[in-house]
Amino acid sequence: MSGEKEGEMQSSKPKKSYEFDDLLAMVGGFGRYTFLLYAFMCVMSLPIGLQQLVQVFYGATPKYSCAAFSNAEGNKTCIVLKGGTCCEKCTDYNFSNRLTSAVTEWDLVCERRHLKAMTQSVYMGGLLVGSVAFSTLSDHFGRKVVVFLSILIMVIGGTVSGVADCLSLFSLFRFVTGAATAGCLLVRFVYCMEIIQIDHRTTAGIVNNIFVSIGFCILSFLAYLIRDWRYLMLTVSLPGLPLLLCLWIIPESPRWLIAKNRLGEAHELLMKYARKNRVDIDSAQLKHAIQEFKKEEEKNGNQIKKTYGILDMIRTPRLRKRTLICGFNWFVNALVYFGINLNVGNLAGDIYLNFFILCIVEIPGALILMFLMSR
């Protein structure tokens, strides 16, 4: 009788439920292999930084003056502006700096100065489209595929921008580059969050973004050394090429594999994590943990019985309020951040030093934020 009661008590004992963090802990947590994958994503952030604000330099406007007129009377109606002199019916301009840019290439001054702003707006439009498109693609086809696809498109778009022979082609590929940059920026961040335990995610996310700021700082040095805008565009675009060689080394996100019910691949990958992290773990135990985690996930999904979309963020009053607040905060942050950085050329002093200072202050700011959020 006592044996039967003991058996009933054991059978009635609730099974252990697993979180994904438990699976990561079983294979070594933030071990050596996980650190190497995370480090790769940090290195990937550098080309993102190079591309994100390069328009500060390809859109730089040296002092200018009219060099030729369509008629002899044209030079009598001129307006002196901060950057130079605009004259009616001017057909050519002289620029007083050895610096070249898209502005000097296509005379984007005076009545054509709005076209310079257009190239910047087109890039921002690419960021908007890429944020939605590549995030959706990464959910369907995997983090690894989309992050490397983003790098490839970013390299191609940036390179073609540097050799474009007309403003329309240049603008088109700035849009393409913007979309790809957004894909790299977002998907590599999601990848990092999916391979790191929740206790370390805040620090890992901030440090990862610090590398984007380091990319900005490197951009200021490259722009100082390379005054030809076409060579500069190639210099900030081609460093993404070596990263493509890691396509066969970097694995898929195990979290995404489990979400897509590819449990065998997830088990094999997590066993690789364990081996690389020098952790001994029973293969059957890990497989059981993965299956239990998936069952728990499906159980919770069946209880909810609904797939949520972007419109659900504004469906209820509380969510609508929070979404609007977050959206307004991001709008203000982006407006101030890009407003200052993209107009650094209008500040007094050297454009390269000013840009470097604006970028380097991001790093101590991020470190202070990391300290405050960890408390």
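**Helices in a predicted model**

Student: In this predicted model, how far apart are the end C-alpha atoms of helix 3, and what span should its 21 residues have?

Tutor: Helix 3 covers residues 32-52. Counting 1.5 Å a residue, its 21 residues should span 30 Å. The distance between its end C-alpha atoms agrees with that, at 30 Å.

Student: Is helix 3 largely enclosed or largely open, and how many of its 21 residues are buried?

Tutor: Here a residue counts as buried when its relative accessible area is under 20%. Helix 3 is largely enclosed by the rest of the structure, because the number of its 21 residues that are buried is 15.

Student: Happy to move on to a helix pair! How do helix 6 and helix 7 lie relative to each other?

Tutor: Helix 6 (residues 113-141) packs on helix 7 (residues 143-163) with the axes 7 Å apart and an angle of about 140°. Angles over 145 degrees would count as roughly antiparallel. The angle of about 140° therefore makes helix 6, relative to helix 7, oblique.

Student: Which class, nonpolar, polar or charged, has seven residues in the contact of helix 6 with helix 7?

Tutor: On the helix 6 side the residues include Phe 134 and Leu 137, and they meet residues of helix 7 including Val 145 and Ile 153. Two residues of this contact are polar and two are charged. The class with seven is nonpolar.

Student: And how are helix 9 and helix 16 arranged?

Tutor: Helix 9 (residues 201-225) and helix 16 (residues 362-374) have axes that come within 9 Å and cross at roughly 175°. Since angles over 145 degrees earn that label, the two helices are roughly antiparallel.

Technical notes. Residues are numbered from 1 along each chain as its sequence is written. This is a predicted model: local features need pLDDT of at least 70, side-chain atom pairs count only at pLDDT 80 or more; totals for chains, interfaces and linings use all residues. Side-chain values use heavy atoms; hydrogens and water are left out. Helices (H or I, at least four residues) and strands (E, at least two) are DSSP runs, numbered from the N terminus. The expected span of a helix is 1.5 Å times one less than its number of residues. Buried means under 20% relative accessible area, exposed over 50%, partly exposed in between (1.4 Å probe, protein chains only). Axes are lines fitted to C-alpha atoms, for helices over the stretch in contact, and angles run from 0 to 180 degrees between N-to-C directions. Angles under 35 degrees count as roughly parallel, over 145 as roughly antiparallel, 65 to 115 as roughly perpendicular and the rest as oblique. Contact means heavy atoms within 4.5 Å. Ala, Val, Leu, Ile, Met, Phe, Trp, Tyr, Cys and Pro count as nonpolar, Asp, Glu, Lys and Arg as charged, and the others, Gly among them, as polar.
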